[in-house]
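Me: I would like to go through this model with some care, taking the helix packing before the sheet. Could you take my questions one at a time?

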Amino acid sequence: MRNESSLQRVRLNEVAEVNPESLPQNTSGDYTFTYVDLSAVSRGVIDWSATKRVAFRFAPSRARRKVLRGDCLFGTVRPSQQSHGSVDRDLDDLIVSTGFAVLRPHKGCIDSRFLHHWILSDIALRQAENAAVGSNYPAVNEADVGSFILDLPSLPEQRRIAEILDALDNQIKAGEKLVEKQ
């Protein structure tokens with residue numbers, strides 16, 4: 001007997017909120033936060049050492065999107081570079097560039113680790129490349145990101161898939177560290 005998974009075809013904005021919170025224009029110039037720009041994120045990894053503390057008055061104008069632990073960052077500028085990642089820590093004052101579409105998973109709909117792996121998939125990449133506009137500086141707008149289509153397994157299946165992919169990522173990182181040592 002075959003155990004077939006049932007997949008639900010959904011738009012991303014049906015299972016995750018896109019850009020749920022932003023800093024208002026009247027934010028105090030003294031408000032200080034940790035800022036993540038596009039250059040600090042690459043292929044699923046946020047380089048926390050490349051982030052910086054900055055006061056709002058000195059921050060780039062793109063420093064606007066508030067993020068929380070479990071949010072996924074989808075780099076909308078030059079999407080083929082996959083400047084995507086996910087927030088794996090609690091920071092009360094974490095702000096990212098508007099060059100990201102912040103994806104906040106709806107609880108009970110999509111697992112944040114599954115979403116993390118999905119945004120790095122070839123399926124997501126193809127949709128981003130098809131939606132990108134501009135030739136020198138291609139970008140995807142947030143409405144297009146929200147309309148990306150994914151085939152969503154059940155929540156327990158999502159968690160199992162994410163566990164397997166996390167384990168594979170950890171093995172790859174361990175292998176890379178071993179190669180670096182030698």
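Reply: Please go ahead, beginning with the helices.

Me: Is the crossing of H2 and H5 left-handed or right-handed?
Reply: This is a predicted model, and in it the axes of helix H2 (residues 112-119) and helix H5 (residues 155-181) come within 8 Å and cross at roughly 60 degrees. That angle makes H2 oblique to H5. The handedness of the crossing of H2 and H5 is left-handed.

Me: How do the residues of the contact of H2 with H5 divide into nonpolar, polar and charged?
Reply: From H2 the contact draws on Arg113, Phe114 and His117, while H5 contributes Gln158, Ile161, Ala162, Leu165, Asp166 and Asp169. Sorted by character, the residues of this contact of H2 with H5 come to four nonpolar, two polar and three charged.

Me: Which strands stand at the edges of the open sheet of four strands?
Reply: The open sheet has four strands in the order E6-E3-E10-E7, and their pairing is mixed. A strand at the edge has a single partner strand, so one side of it is left without a neighbour in the sheet, and this applies to strand E6 (52-55) and strand E7 (63-66).

Me: What does the twist average from one strand to the next?
Reply: The twist is taken along the open sheet with the order E6-E3-E10-E7. From one strand to the next it averages 50 degrees.

Me: Which residue in E10 does Thr34 stand opposite?
Reply: Strand E3 (residues 32-36) and strand E10 (residues 94-97) run parallel and are joined by three bridges. Across from Thr34, the residue in E10 is Leu94.

Terms used:
Residues are numbered from 1 along each chain as its sequence is written. This is a predicted model: local features need pLDDT of at least 70, side-chain atom pairs count only at pLDDT 80 or more; totals for chains, interfaces and linings use all residues. Side-chain values use heavy atoms; hydrogens and water are left out. Axes are lines fitted to C-alpha atoms, for helices over the stretch in contact, and angles run from 0 to 180 degrees between N-to-C directions. Helices (H or I, at least four residues) and strands (E, at least two) are DSSP runs, numbered from the N terminus. Angles under 35 degrees count as roughly parallel, over 145 as roughly antiparallel, 65 to 115 as roughly perpendicular and the rest as oblique. A crossing is left-handed if the near helix is turned anticlockwise from the far one by less than a right angle, and right-handed if clockwise. Contact means heavy atoms within 4.5 Å. Ala, Val, Leu, Ile, Met, Phe, Trp, Tyr, Cys and Pro count as nonpolar, Asp, Glu, Lys and Arg as charged, and the others, Gly among them, as polar. Two strands pair if DSSP finds at least two bridges between them.
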